[in-house]
Amino acid sequence: MTKTQTKSRRVPIYRRPIIIIVPIILIVAIAVVVLFLLRSTKTDEPVNPSPAPVDTPIDFDDPANAENPPDKAVQYEGEDPNQLDELTGSITRRTVSGGELTVIASIDQYLSSDSSCRLILKDSSGAEVRSTDIISVDAEATSSACGPLTVSVNQLSGAYTIDIVITSPDKSGHITAEINI
């Protein structure tokens, strides 16, 4: 008996439909999942975000605003504080310790060495209670500093106003704050 050899014929892999269909289905499924995840993260954001608050200018001629002036001139991004008509700043430190009030102020403008500052402590009626000697301002790269200014607060209690008077050859200004002793 002779054996007939039959040659098995193999189908090339690229002609097998299952080998082509399964990767295509996987790619489509992954794309759908990615799109679903991206869409779900966008729906978490508010649809109508609240508008940004608008700064309204303060009318100092209005009697209601004249009684409560702001502590500091409003500065906007890009504005040069050295171009303002008055000196502005803020109190960066105010402490009461050992019967003394110590205050340090930051001045927004660059001042020359012949500029000075002085602390005046006022009571609720606006009368001067205590004050310091006039000291020179420390000029820094883009701003200036005043202090430390120290004044005795022995035998004082209640609410007081700290008024720092800043003077330079061409401008002056006040930095005020409230303090309870």
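Is lysine 122 buried, partly exposed or exposed? Select lysine 122 and turn on the surface: with a relative accessible area of 25%, this residue is partly exposed. Keep in mind as you click around that you're looking at a predicted model.

**Stop 1: the whole chain**

Zoom out and colour by secondary structure. You should find two helices and nine strands. Follow the chain from its start and the pattern reads α-α-β-β-β-β-β-β-β-β-β, with both helices ahead of the strands. Now switch to a surface view of the protein: about 13,700 Å² is exposed, and carbon and sulfur atoms supply 55% of that area. Of the 181 residues, 24% count as buried. If you like contact maps, pull one up here: among contacts between residues at least 6 apart in sequence, 53% join residues at least 24 apart.

**Stop 2: the four-stranded sheet**

Next, select β1, β2, β7 and β6. Together they make an open sheet in just that order, β1-β2-β7-β6, and the pairing is antiparallel. The edges are β1 (89-97) and β6 (138-139), each of which pairs on one side only.

Now narrow the selection to residues 100-107, strand β2, and residues 144-152, strand β7. These two run antiparallel to each other and are joined by seven bridges. For a single rung of that ladder, pick valine 103 and look across to β7, where its bridge partner is leucine 149.

**Stop 3: the salt bridges**

Show side chains as sticks, since the structure holds two salt bridges to visit.

Start with glutamate 128 and arginine 118, whose side chains meet at 3.8 Å, N to O. Glutamate 128 belongs to strand β4 (residues 128-131) and arginine 118 to strand β3 (residues 116-122), and ten residues separate the two. Check the surface around this pair: glutamate 128 is partly exposed at 48% relative accessible area, and arginine 118 is partly exposed too, at 27%.

For the other one, go back to lysine 122 and add aspartate 163. Their side chains form a salt bridge at 3.2 Å, N to O. This pair also ties together distant parts of the chain: lysine 122 is in strand β3, aspartate 163 is in strand β8 (residues 159-167), and they are 41 residues apart.

One last thing to look at here: is aspartate 163 buried or exposed? At 5% relative accessibility, aspartate 163 counts as buried, whereas its partner lysine 122 is partly exposed at 25%.

Conventions: Residues are numbered from 1 along each chain as its sequence is written. This is a predicted model: local features need pLDDT of at least 70, side-chain atom pairs count only at pLDDT 80 or more; totals for chains, interfaces and linings use all residues. Side-chain values use heavy atoms; hydrogens and water are left out. Two strands pair if DSSP finds at least two bridges between them. A salt bridge is a side-chain nitrogen of Lys or Arg within 4 Å of a carboxyl oxygen of Asp or Glu. Buried means under 20% relative accessible area, exposed over 50%, partly exposed in between (1.4 Å probe, protein chains only). Contact means heavy atoms within 4.5 Å. Accessible areas come from the Shrake-Rupley method with a 1.4 Å probe; for residues, only the protein chains shown count as cover.
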